[in-house]
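Grab a pencil and work through these exercises with the structure open beside you. Each task comes with a solution that goes step by step.

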Amino acid sequence: MEQYDNRIDAYINKSADFAKPILTYIRGIIHEASPLVTETIKWGCPSFDYKGPIVMMAAFKQHCGLNLWKASLMNDPDGVMKLNDENAGQFMRITSIADLPQKDVLIDFIKQGVALNEKGLKVSTKKASGEKEELIIPDYFTAALNNNPLAKTAFDRFSYSQKKEYLEWLTEAKSEATRDKRLETTIEWVSEGKTRHWKYQRK
């Protein structure tokens with residue numbers, strides 16, 4: 001896997017003006033912390049991995065967010081991270097670089113994440129409250145569903161896991177051409193009421 005992914009460049013370029021320097025700054029720090037980290041897109045957001053996910057960032061309308069996946073296993077002496085129900089460390093409501101921890105603190109978190117994945121250590125990602133994380137539906141998929149009422153109705157009726165399987169398949173496409181092909185197939189299958197892995201289901 002390549003260290004850099006041009007889909008991250010596209011994501012940053014399409015983000016709100018306030019978010020661009022924040023995302024660029026975070027991205028730079030991650031790679032400065034470790035040359036082992038590679039980029040990809042998961043759930044429609046920039047993800048940085050090494051033998052598993054380490055950190056994910058996202059831009060919203062008025063703020064940015066940053067998640068460190070194995071935060072519950074990390075050393076955080078100053079208590080700057082807030083753990084969510086999946087034991088990931090969250091930095092939310094980031095509206096400027098000043099809202100982030102100091103550079104050396106972020107670099108240390110990334111290095112810890114790399115070390116944890118190198119050792120194969122895992123944390124439970126089961127939500128204590130039993131609630132499921134909100135699914136992020138890309139704009140292009142929303143538009144495609146809106147243009148096909150049959151597919152939209154069927155997708156709305158799918159279970160959480162069935163929706164997630166399609167969303168992961170779409171957002172993990174490595175190229176725009178692959179994504180468009182998967183989108184076409186998704187709309188076709190969904191409109192027929194088929195789940196992502198319908199071919200392998202017992203009849």
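**Exercise 1: the middle strand**

Strand 2 and strand 3 (residues 53-59) pair in the antiparallel sense, over three bridges. Keep in mind that this is a predicted model.

Task: work out how strand 2 is paired with strand 1, and trace the partners of Phe48.

Solution.
- Start with strand 1 (residues 38-42): five bridges join it to strand 2, and the two run antiparallel.
- Now pick out Phe48. Its bridge partner in strand 1 is Glu39, and in strand 3 the partner is Val55.
- Then look at the turns. The hairpin of strand 1 and strand 2 has two residues between the strands, and Trp43 takes a positive phi near 55 degrees there.
- The hairpin of strand 2 and strand 3 has three residues between the strands, with Lys51 at a positive phi near 55 degrees.

**Exercise 2: two faces**

Task: is strand 2 enclosed or open on its two faces?

Solution.
- In a regular strand, side chains alternate between the two faces of the sheet.
- So sort the residues by face: Cys45, Ser47 and Asp49 go on one side, Pro46 and Phe48 on the other.
- Every one of these residues is buried, and both faces are covered.
- Five of the five residues of strand 2 (residues 45-49) are buried, so the strand is largely enclosed by the rest of the structure.

**Exercise 3: the largest core**

Task: find which residues have the most contacts inside the largest nonpolar core, and which element gives the most to it.

Solution.
- The core has 36 residues, and Val55, Met57, Leu66 and Leu68 have the most contacts inside it.
- The elements that give two or more residues to this core are helix 1 (6-14), helix 2 (19-33), strand 2, strand 3, strand 4 (64-68), strand 6 and helix 3.
- Helix 2 gives the most, with seven residues.
- Zoom in on Val55: leaving out residues up to four places away in sequence, the residues it touches include Ile30, Pro46, Phe48, Leu66, Leu68 and Ile110.
- There is also a second, separate core of 16 residues, which includes Phe155, Tyr166, Trp189 and Val190.

**Exercise 4: rings and charges**

Task: count the aromatic pairs, then say what the pair of Phe91 and Phe109 ties together.

Solution.
- The count comes to six aromatic pairs.
- Phe91 and Phe109 make a tilted pair, 6.5 Å centre to centre with 40 degrees between the planes.
- Phe91 lies in strand 6 (residues 89-94) and Phe109 in helix 3 (residues 103-119), so the pair ties together parts that are 18 residues apart in sequence.
- Check burial against the cut-off of under 20%: Phe91, at 7% relative accessibility, counts as buried, and so does Phe109 at 1%.
- Elsewhere, ring pairs link Phe141, Phe155, Phe158 and Tyr166 into a cluster.
- Finish with the charges: the charged end of Arg179 sits over the ring of Tyr140, 4.1 Å from its centre, while Lys194 lies over the face of Trp198, 3.8 Å from the ring centre.

**Exercise 5: checking helix 7**

Task: test the span of helix 7, and find what covers its buried residues.

Solution.
- Helix 7 (residues 176-191) has 16 residues, so at 1.5 Å a residue it should span 22 Å.
- Its end C-alpha atoms are 22 Å apart, which agrees.
- The buried residues in helix 7 are Leu183, Thr185, Thr186, Ile187, Trp189, Val190 and Ser191.
- Their cover includes helix 4 (139-146), helix 5 (149-157) and helix 6 (160-171).
- Just after helix 7, Gly193 takes a positive phi of about 75 degrees.

Conventions
Residues are numbered from 1 along each chain as its sequence is written. This is a predicted model: local features need pLDDT of at least 70, side-chain atom pairs count only at pLDDT 80 or more; totals for chains, interfaces and linings use all residues. Side-chain values use heavy atoms; hydrogens and water are left out. Helices (H or I, at least four residues) and strands (E, at least two) are DSSP runs, numbered from the N terminus. The expected span of a helix is 1.5 Å times one less than its number of residues. Buried means under 20% relative accessible area, exposed over 50%, partly exposed in between (1.4 Å probe, protein chains only). Contact means heavy atoms within 4.5 Å. Two strands pair if DSSP finds at least two bridges between them. Rings of Phe, Tyr and Trp (its six-membered ring) pair if their centres lie within 6.5 Å; planes under 30 degrees apart count as stacked, over 60 as edge-to-face and the rest as tilted. A charge sits over a ring if NZ of Lys or CZ of Arg is within 6 Å of the ring centre and within 35 degrees of the ring normal. A nonpolar core is a set of buried Ala, Val, Leu, Ile, Met, Phe, Trp, Tyr and Cys residues joined through side-chain atoms within 4.5 Å.
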